[in-house]
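Open the structure in your viewer and keep the selection box ready. Each stop says what to select and what is there.

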Amino acid sequence: MIPKVFREVIDLGDGREISIETGKLAKQAHGSVVVQSGKCMLLCTVVSNYKQSDVDFLPLTVDYREKFAAAGRYPGGFFKREARPSDGEVLTMRLVDRVLRPLFPKDYHSETQVMIQLMSHDEDVMPDAMAGLAASAAIQLSDFPFECPISEVRVGRVNGEFVINPSFAQLKESDIDMVIGASADSVMMVEGEMDEISEEEMTEAIKFAHEAIKVQCAAQVRLAESFGKKEVREYEPEREDEDLAKKVHALAYDKVYEIAKAGSAKHERSAAFDAIKEEVIASFSEEEQEEYGGLISKYFYKAEKNAVRDLTLNEGLRLDGRKTNEIRPIWCEVDYLPSTHGSAIFTRGETQALATVTLGTSRDANQIDMPSQEGEERFYLHYNFPPFSTGEARPIRGTSRREVGHGNLAQRALKGMVPEDCPYTVRVVSEVLESNGSSSMATVCSGTMALMDAGVQLKKPVSGIAMGLITDTESGKYAVLSDILGDEDHLGDMDFKVTGTADGITACQMDIKVKGLSYEILVKALKQARDGRLHILEKLVETIDAPREDVKPHAPKMVTRIIPNEFIGALIGPGGKVIQELQKETKTTIVINEDPVTEEGIVEILGTNQAGIDAVLAKIDSLMFKPEVGSVYEVKVIKMLDFGAVVEYMDAPGNEVLLHVSELAWERTENVSDVVNMGDVFDVKYFGLDPRTKKDKVSRKALLPKPEGFKERPPRDNSDNRRRDDRRGNDRNRDRDRKPRRD
């Protein structure tokens, strides 16, 4: 039976459009759509179990995968099969998850899975920009309890004009690369990188993106209506007891308020809150504890949250005693690790990051191999968040999605400040040693200093800050918090991280938890963030005010040399013999890359010993040496022969040429040693290829004065000799033909 297909089209302008289609594929899923733009097609399916899970959170899994067949390619590796998700895929999963999760009811705990797959790739379409739209559209066709449709778009700015979902080519020319997630009413998520833009410019980009999202949300509503919107499923909600909530609030609120107002350190504060919680629980009988145990804890957390928020809104004070715009004490140190190429410690309050820098060749670049993107990164940053940083003990099972996301944010913050002509591949690794509020921004700060300590010539230093927001819709009060704590991250209405130089924003990550946040408040928050960033930047510059002029003595020096492609083979040698011996002798690493555009070879020489690097450069100069006709060169005798001397060009060791006995002197030379000897150094003139021998011709006598009365002998006529040689050759051929052949 031919399936009935339902379809909606969204006009992006400039001839581009996005279609949302359902009814043809994956009909056993609770909701499925195909989202297409150009030749790019995403299949999204959603499924949620009807039975509630025995957990107190939403077990939501967002999975995004790119199939290599979508781009007509084979996966790498031995098994030729898609395996663990790449960092790029993980980042897309996080973008979608952050917008979807808050829109499910807080008491909905059914196992839920959103799967988005790239089934067909278009090199002019970036698929991650449509993943949020696909996920929301599929959910709208399901019976999930979900608040409202959302969508995500990428916004760029090319030649001063904003562009929705720019192509790869456009993005290279853009000074903004942001992904915005929103419903028709509220912006919920912002993440991206910028080229030192202002707070007002960032806000305008968000507004522009939100208008496009409103259109995409309306298209989802139309599709669901035409398909036949399902009734929202019934599920067993969490148990509630209003009287119990009031009792717990009365027992806990004032005590928590006083502890919060005291302004203590993290562990002291946590211990005090735990003690109050134990008191509250102990005020109930054993029967009540057994019956309401989970609810008592839930309502205590609610009272704690309200008390902390009210303290900030009413008195302008925070958990650690700071004012809303106050930054925690900062101390920094560079060159802490003696063996690394660069290192720095950044400590802000109870958050600490130790960053290291490693310098390498293009061979050390991070390879990107995705169906939608191929290439390499010459600057990349890795972020590690061990459990001891928060005083916990838990197993480490590989790199978490959070670590990938935080590392990517810090990388985007810094990469624009690494100069384009930096010869090195640069790897930054951030080890988070303590964490109580934005270790990713501590990573940006420690990374900046470590790069300058390593001698990477950063254009400008970069700092970062994590901000928070607390609002009260009834009273209209709000407070913007600078340099938030971990607790403030959880209880606030918005947390956003902003990085930048003294001249503008370079990256941001924002999660907005309150509906209808005004752009006025957003701009105020961004400007307060700027003040905080500049304060932190001063502390970084006090520690190291500029990049070191050169890399450290034990760090490798990098020299790049361009050579014509015709010399690459000579430098490598048969089976790599020349380059391998050269690396061994000079204790350097030599990497050769061919530029298909210029048809030249790019030779990277990496070594800690300058003498070794100089030796490699001398070898390259020697290989590329081409004497010019009519020029004079200094040579050295390296071999004596009966008919001349082999000489080596002093400017190009290894380049040899025969100085014939007839070119030693104007007078007749019987023995070569009568004129020159081994090791003699003198000048010769280069005449190019000798038409008779087809070999390079040099002359010593051409630079000597011709003796008075000297007469040149006429050139010898070799025609008789040639005829005699031809006759001898013919005779040999006849004799060979007369010999009987052996079977």
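Helices (H or I, at least four residues) and strands (E, at least two) are DSSP runs, numbered from the N terminus. The model is predicted, so local features need pLDDT of at least 70, side-chain atom pairs count only at pLDDT 80 or more, and totals for chains, interfaces and linings use all residues. Residues are numbered from 1 along each chain as its sequence is written, and side-chain values use heavy atoms, with hydrogens and water left out.

**Stop 1: glycine 607**

Select glycine 607. It lies in strand 24, residues 600-607. Is it buried or exposed? Glycine 607 is buried, at 5% relative accessibility. Buried means under 20% relative accessible area, exposed over 50%, and partly exposed in between (1.4 Å probe, protein chains only).

Now show what surrounds it. Contact means heavy atoms within 4.5 Å. Setting aside neighbours within four places in sequence, glycine 607 is in contact with Pro556, Lys557, Lys587, Thr588 and Ile613. Add glutamine 583 to the view. Glycine 607 and glutamine 583 are 24 residues apart in sequence, and their C-alpha atoms are 9.5 Å apart in space.

**Stop 2: threonine 425**

Go to threonine 425, in strand 17 (residues 425-434). Threonine 425 is buried, with a relative accessible area of 2%.

Look at its side chain next. Which side chain does it join in a polar contact? The partner is arginine 378, at 2.7 Å. A polar contact is a pair of N or O atoms within 3.5 Å; within protein, one must be able to donate a hydrogen and the other to accept it, and residues adjacent in sequence count only if both atoms are side-chain atoms. The threonine 425 side chain also reaches the backbone oxygen of threonine 361 at 2.7 Å. Beyond neighbours within four places in sequence, the contacts of threonine 425 include Thr358, Leu359, Gly360, Asp364 and Tyr380.

**Stop 3: helix 1**

Select residues 87-100, which form helix 1. At 1.5 Å a residue, its 14 residues should span 20 Å. The expected span is 1.5 Å times one less than the number of residues. The end C-alpha atoms are 20 Å apart, which agrees.

Of those 14 residues, 12 are buried, so helix 1 is largely enclosed by the rest of the structure. Among the buried ones are Glu89, Arg94 and Asp97.

**Stop 4: two helix partners**

Add helix 2, residues 131-140. The axes of helix 1 and helix 2 come within 9 Å and cross at roughly 45°. That makes helix 1 oblique to helix 2. Axes are lines fitted to C-alpha atoms, for helices over the stretch in contact, and angles run from 0 to 180 degrees between N-to-C directions. Angles under 35 degrees count as roughly parallel, over 145 as roughly antiparallel, 65 to 115 as roughly perpendicular and the rest as oblique. Here Thr92, Val96 and Leu100 in helix 1 meet Ala131, Gly132, Ala135 and Ile139 in helix 2.

Swap in helix 8, residues 401-415. Its axis and that of helix 1 come within 9 Å and cross at roughly 95°. That makes helix 1 roughly perpendicular to helix 8. Asp87, Val90, Leu91, Met93 and Arg94 in helix 1 meet helix 8 residues including Arg401, Val404 and His406.

**Stop 5: two aspartates**

Select aspartate 14, in the loop between strand 1 (6-13) and strand 2 (16-22). Its phi is near 45°, a positive value in a residue other than glycine. Aspartate 14 is exposed, with a relative accessible area of 61%.

Finish at aspartate 483, in the loop between strand 19 (478-482) and helix 10 (486-491). Aspartate 483 has a positive phi of about 55°, although it is not a glycine. Aspartate 483 is buried, at 1% relative accessible area.
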